[in-house]
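The following note sets out several points on the model for a colleague's consideration. Each point may be read alongside the coordinates.

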Amino acid sequence: MTAIEFNHVSKQYRLGLVSTRTLSHDLNRWWQTSVLRHEDPYLKIGETNDRATKGSSEYVWALRDIDFKVEQGDVVGIIGKNGAGKSTLLKLLSRVTAPTTGTIRARGRIASLLEVGTGFHPEMTGRENIYMNGAIMGMTKAEISGKLDEIVAFSGCERYIDTPVKRYSSGMTVRLGFAIAAHLDPEILVVDEVLAVGDAEFQKKAIGKMQDISHGEGRTVLFVSHNMASVKALCKHGIILQNGQLLESGDIDPIVSRYLRGDNDIENYKAWNEPEIKGGGFELCEIGIRKRGAGYDAVMRVDDELEMVIRYRLTRAFDNFWLTMHWKNEQGNRIFSTSGGGRCYDKCHETGEYEQRCYIPRDFLNWGNYIIDLMAVTSDGGIRHLIGDRGSDVLSFTLSNKQLEIGAWMGREPGDITPKFNYTETKLR
């Protein structure tokens, strides 16, 4: 059953002053938009919501033609850059503000945690705010009292529960706010980036609670965060917003990979007529990674043996020279580093063109996206020197999961490498 449905939803804001500066124009806008139901006559069409550029219009579409559905019990991560429209989308769903165009349908009670302190009265105590929030959600005093001890215990604010909220730290406010939102039996839980304010222990506990809400209780969760590890741990599906528009939606792993990749294409082969990475007598001419024995356009899977080919030119001789590669995951974290083996490591090199090949065994890397940094290194008197430009992110590639039978485990194992070790087992008695 569909829990949330956005039908061509847009939200428009005016930048600067909130009027057309003249009474006649304000009346004309009201007549055209509210009475005749026409589009705003003072709006300039087609301008996108890009916070990094200055537009010519006084109006901006914070969201433009957003269209998607969320099924009951699903956990959806909404990701995008600052200013992409994530918080606006959640405010529309929570009915903090209304859409300019389009309709939103939500089935069930919605509990929202949008900003630090949202829904709290600073002069009221934590206990009083719990009762106030429950009443706003339509719960009776008896229902709230039945949940009170659980909420207070989860928040960890027992000592300060009868203290005015204005004296709470931002972390304590988030703890109490999340505890209220998660325990007052909402059918839909909406959580913005506020969990980043909490400490690591509370973030882990909050994510566990959201998993319980979705998996155990069949409730729907919309989660906004810039922490991709939390998003991947919690969510099944994802949505990318960019400049107020829905860029892509789907399963969470490819969505996170697409977001982290940005505008760059995944490229597993590069060649230059005029080398871009060069200097100090080194020139990189060609680099690529592929399934061994196949072309660069072939799909690479985790159970394929891979081959990396590097072709470079030396315009001067080196007594000691080698190539070093840093392998990184899609978050940019280094997995391992490697240099040429005995045949090409720390050897004398004359001028000329060279080709180096590296073979990666099957079932070593997990499926996902990977990035390689390349460095040309020489040593002089035991001191290592980088020569040429550092080849940061010189190559990237994608590994697909192996082909599995229907019914097999299709999920991604944790970690970036999945080596196959040899095991033995002996029955002792």
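1. The protein has 8 helices and 19 strands. The model is a predicted one, and the points below should be read on that basis. Of the 429 residues in the protein, 42% are buried. Where contacts between residues at least 6 apart in sequence are considered, 69% join residues at least 24 apart.

2. Helix 2, which spans residues 86-93, is largely enclosed by the rest of the structure, because 6 of its 8 residues are buried. The buried residues are Lys86, Thr88, Leu89, Leu90, Leu92 and Leu93; a lysine, Lys86, is thus listed among them. Arg95 follows helix 2 and has a positive phi, near 65°.

3. The second largest pocket holds about 410 Å³ of space. It is lined by 19 residues, of which Ile110, Ala111, Ser112, Asn133 and Met137 are the closest to its centre. Two or more lining residues come from each of strand 5 (110-113), helix 3 (126-136) and helix 5 (170-183). Strand 5 gives the most to this lining, with 4 residues. By residue class, the lining of the second largest pocket divides into 11 nonpolar, 6 polar and 2 charged residues.

4. Strand 14 (residues 318-329) and strand 15 (residues 334-339) run antiparallel and are joined by 5 bridges. Within this pairing, Thr324 stands opposite Ser339 of strand 15. The two strands form a hairpin with 4 residues between them, and Gly332 in this hairpin takes a positive phi near 85°.

5. Is Glu286 of strand 12 buried or exposed? This residue lies in strand 12 (residues 282-291). Its relative accessibility is 15%, and the cut-off for a buried residue is under 20%, so Glu286 counts as buried.

6. Which side chain makes a polar contact with the side chain of Glu286? The partner is Tyr269, at 3.4 Å. Leaving aside residues up to four places away in sequence, Glu286 touches Tyr269, Lys270, Ala271, Trp272, Tyr296, Val309, Ile310 and Arg311. Tyr269 therefore appears both as the polar partner of the Glu286 side chain and in the list of residues that Glu286, buried at 15% relative accessibility, touches.

How values were computed: Residues are numbered from 1 along each chain as its sequence is written. This is a predicted model: local features need pLDDT of at least 70, side-chain atom pairs count only at pLDDT 80 or more; totals for chains, interfaces and linings use all residues. Side-chain values use heavy atoms; hydrogens and water are left out. On a 1 Å grid over the protein atoms alone, a cavity is a set of points where a 1.4 Å probe fits but cannot get out, and a pocket is an open set with protein on both sides within 12 Å along at least five of seven lines; lining residues have an atom within 4 Å of a point. Grid points are joined across faces, edges and corners, and a volume is the space filled by probe spheres set on the points. Ala, Val, Leu, Ile, Met, Phe, Trp, Tyr, Cys and Pro count as nonpolar, Asp, Glu, Lys and Arg as charged, and the others, Gly among them, as polar. Buried means under 20% relative accessible area, exposed over 50%, partly exposed in between (1.4 Å probe, protein chains only). Two strands pair if DSSP finds at least two bridges between them. A polar contact is a pair of N or O atoms within 3.5 Å; within protein, one must be able to donate a hydrogen and the other to accept it, and residues adjacent in sequence count only if both atoms are side-chain atoms. Contact means heavy atoms within 4.5 Å.
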